[in-house]
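Let's walk through this fold together, going from strand pairing to the packing around it. Keep the viewer open as you read.

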Amino acid sequence: MLKIETPDGGKEVLLHTCCAPCSSAIIECLLANGIRPKLFYYNPNIYPLDEYEKRKDEAKRFARLKNLDFIDADYNHAQWRTNVAGMEEAPERGCRCLRCFTLRLMETARYANECGPRLFATTLASSRWKRLDQVNEAGRMAAAHYTGTLFWEQNWRKGGLQELRGQLLKSYGFYNQLYCGCEFSMRQHPVGSSFPKQESGHNKTTG
């Protein structure tokens, strides 16, 4: 198991959680290192609603099994659409994705600032659908906006966590989505299609 320490030396972290497959290995790693995550589920990008509910229910199921706090934040897809207006035709891993990550992590940082813990991280950083540089940029912007919070830039794709992710997915029988989440990712990469290789210059993703 990957050996890690929090950047602030504490034993708690607010973990923005996107889905059970992406979060389970991270949660296991945190717990194995004596760090207790508080799960924050804020993903208004996910479409349609029944897809959102499936992903949320699986994340909640794992949280219950691990006896972890689970914050069920608001789902307002219409507001999310307003916030990404004009970017509908942007390619996956482009400007729309950065805007999406920033919106979600801004809300995470707001909660961290108001309710704690003030250290926050995101399971978006483990997903093969995402650019790690964009996720980290969004986290830094969110932390800068809410003074006193700290974004944990941890590469959750190393240290055997991708292999553990696959094991946990099978062990718990998680629902495993086949597209990022929004209707635009569904349109550009239909369910059942293969995801394109990472473009040159972007951080490589696996998992």
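His16 has Thr122 of strand 4 as its bridge partner. In this predicted model, that pair belongs to the contact between strand 1 and strand 4, which pair in the parallel sense over 3 bridges. On the side of strand 2, strand 1 is joined by 5 bridges, and these two strands also run parallel. Two of the partners are easy to find on screen: Glu12 is bridged to Arg36 of strand 2, and Leu14 is bridged to Lys38 of strand 2.

How enclosed is strand 1, then, and why? Of its 5 residues, 4 are buried, so strand 1 is largely enclosed by the rest of the structure. Strand 2 is mostly covered too, with 5 of its 6 residues buried.

Now follow strand 2 outward. It is joined to strand 3 by 3 bridges, and the two run parallel. Here Leu39 has Phe70 as its bridge partner in strand 3, while Tyr41 stands opposite Asp72 of strand 3.

Put the pieces together and you have an open sheet of 5 strands in the order 3-2-1-4-5, with parallel pairing. Its edges are strand 3 (70-72) and strand 5 (150-151), each of which pairs on one side only. As a general reminder, the strands of a sheet pair through backbone hydrogen bonds, either parallel or antiparallel.

Next, the connections. Helix 1 packs on the sheet, where it touches strand 1 and strand 2, and its direction makes about 155° with that of strand 2. Strand 1, helix 1 and strand 2 form a right-handed β-α-β unit. From strand 2 the chain goes through helix 2 to strand 3, and this β-α-β crossover is right-handed.

What fills the interior? The largest nonpolar core has 47 residues, and Ile4, Leu30, Trp152 and Trp156 touch the most other members. Among the elements giving two or more residues to this core are strand 1 (12-16), strand 2 (36-41), strand 4 (119-122) and helix 4, along with helix 5 (132-145) and helix 6 (161-172). Helix 1 supplies the largest share, 7 residues. Ile4 is a good residue to select if you want to look around inside this core. Leaving aside neighbours within four places in sequence, Ile4 is in contact with Cys29, Leu30, Asn33, Ile35, Trp152, Gln154 and Trp156. Apart from this core lies another, of 5 residues, including Trp80, Val84, Cys100 and Phe184.

Cys100 brings us to helix 4, where it is one of the buried residues. Helix 4 covers residues 95-115, and its 21 residues reach 30 Å from the first C-alpha to the last, close to the 30 Å expected at 1.5 Å a residue. Which other residues of helix 4 are buried? They include Arg96, Cys97, Phe101, Arg104, Leu105, Thr108, Ala109, Tyr111 and Ala112. When you look at such a list, remember that an α-helix has 3.6 residues a turn, so residues three or four places apart point the same way. Just after helix 4, Gly116 takes a positive phi of about 75°.

Technical notes: Residues numbered from 1 in each chain as written. Predicted model: local features only at pLDDT ≥ 70, side-chain atom pairs only at ≥ 80, totals over all residues. Heavy atoms only, no water. Expected span 1.5 Å × (residues − 1). Buried < 20%, exposed > 50% of the residue type's maximum accessible area, 1.4 Å probe, protein only. Core = buried A, V, L, I, M, F, W, Y, C linked by side-chain atoms within 4.5 Å. Contact = heavy atoms within 4.5 Å. Pairing = 2+ DSSP bridges. Right-handed = clockwise from strand over helix to strand, strands pointing away. Axes fitted to C-alpha atoms, helices over the stretch in contact; angles between N-to-C directions.
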